[in-house]
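Thank you all for coming; I would like to walk you through one protein chain today, slowly and with the picture in front of us. Please have the structure open on your screens as I speak.

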Amino acid sequence: QDDVLRVGGFRKEAMPHFPHQICYSDKYYDKEYEYRHVLLTKELTARVIKLSNEGERLLKEEEWRNDLGVAGSTGWVHYEYHKPEMHVLLMRKPKKGTDEVPAN
């Protein structure tokens, strides 16, 4: 398996692959939201860990936009981490035509 390394006969999970720059997934959808995930560099991940108290809280828009440099149109919110990979931010925003207001 590609995601598991063998070290001295023991299984060890592979280290996450950090991109050299911020990477954005294609958008994907359900009935209420459009989603995308954002992959961060190793340096930015260290900032996320500090800002979020090691993943204990989600990032506010001013943090992901201004402190990390993540781009996004109006309405995007950070709604979850892809644990244990703290370098992956899960983002969403209401689809056009829904009345839900982002909780961030």
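**From a loop to the core**

Let me begin with Asn53, which lies in the loop between α1 and α2, the latter spanning residues 61-67. Before going further, I should say that what you are looking at is a predicted model. The backbone of Asn53 deserves a moment, since its phi is near 55°, a positive value in a residue other than glycine. Glu54 lies in the loop between α1 and α2 as well, and its phi, near 60°, is again positive in a residue other than glycine. Are these two residues buried or exposed? Asn53 has a relative accessible area of 52%, and because the cut-off for exposed is over 50%, Asn53 counts as exposed; Glu54, with 61%, is exposed too.

Let us now step back to the whole chain, which contains 2 helices and 7 strands. If you follow the sequence from its start, the pattern that you meet is β-β-β-β-β-α-α-β-β. Of the 104 residues in the protein chain, 32% are buried, and the surface that the chain exposes comes to about 7400 Å², of which carbon and sulfur atoms supply 50%. If we take the contacts with a separation of 6 or more, 45% of them are between residues 24 or more positions apart.

From here I would like to turn to strand β5, residues 33-39, which is mostly covered, with 5 of its 7 residues buried. What does β5 pair with? Strand β3, residues 23-24, runs antiparallel to β5 and is joined to it by 2 bridges, and within that pairing Tyr24 has Val38 as its bridge partner. Strand β4, residues 28-29, is also antiparallel to β5, again through 2 bridges, with Tyr29 standing opposite Glu34; these two strands, β4 and β5, form a hairpin that has 3 residues between them. Finally, β5 pairs with β7 in the antiparallel sense over 7 bridges, and there the partner of Tyr33 is Pro94.

Tyr33 brings us to the aromatic residues. The structure holds 3 aromatic pairs, and in one of them the rings of Tyr33 and Tyr35 have centres 5.9 Å apart and planes at 55°, so the pair is described as tilted. Tyr33 is buried, at 10% relative accessible area, and Tyr35, at 11%, counts as buried as well. Together with Tyr28 and Tyr79, Tyr33 and Tyr35 form one aromatic cluster. Please look also at Arg92, which lies over the face of Tyr33, at 4.2 Å from the ring centre.

My last topic is the nonpolar core. In soluble globular proteins, nonpolar side chains tend to be buried together. In this model the largest nonpolar core has 14 residues, and those that touch the most other members are Leu40, Val48, Leu68 and Leu89. Helix α1, residues 42-51, and strand β7, residues 85-94, each supply at least two residues of this core, and the largest share, 3 residues, comes from β7. Which residues does Val48 contact, once its neighbours within four places in sequence are left aside? The answer is Leu40, Leu59, Leu68, Tyr81, Met86 and Leu89.

Conventions. Residues are numbered from 1 along each chain as its sequence is written. This is a predicted model: local features need pLDDT of at least 70, side-chain atom pairs count only at pLDDT 80 or more; totals for chains, interfaces and linings use all residues. Side-chain values use heavy atoms; hydrogens and water are left out. A nonpolar core is a set of buried Ala, Val, Leu, Ile, Met, Phe, Trp, Tyr and Cys residues joined through side-chain atoms within 4.5 Å. Buried means under 20% relative accessible area, exposed over 50%, partly exposed in between (1.4 Å probe, protein chains only). Helices (H or I, at least four residues) and strands (E, at least two) are DSSP runs, numbered from the N terminus. Contact means heavy atoms within 4.5 Å. Accessible areas come from the Shrake-Rupley method with a 1.4 Å probe; for residues, only the protein chains shown count as cover. Rings of Phe, Tyr and Trp (its six-membered ring) pair if their centres lie within 6.5 Å; planes under 30 degrees apart count as stacked, over 60 as edge-to-face and the rest as tilted. A charge sits over a ring if NZ of Lys or CZ of Arg is within 6 Å of the ring centre and within 35 degrees of the ring normal. Two strands pair if DSSP finds at least two bridges between them.
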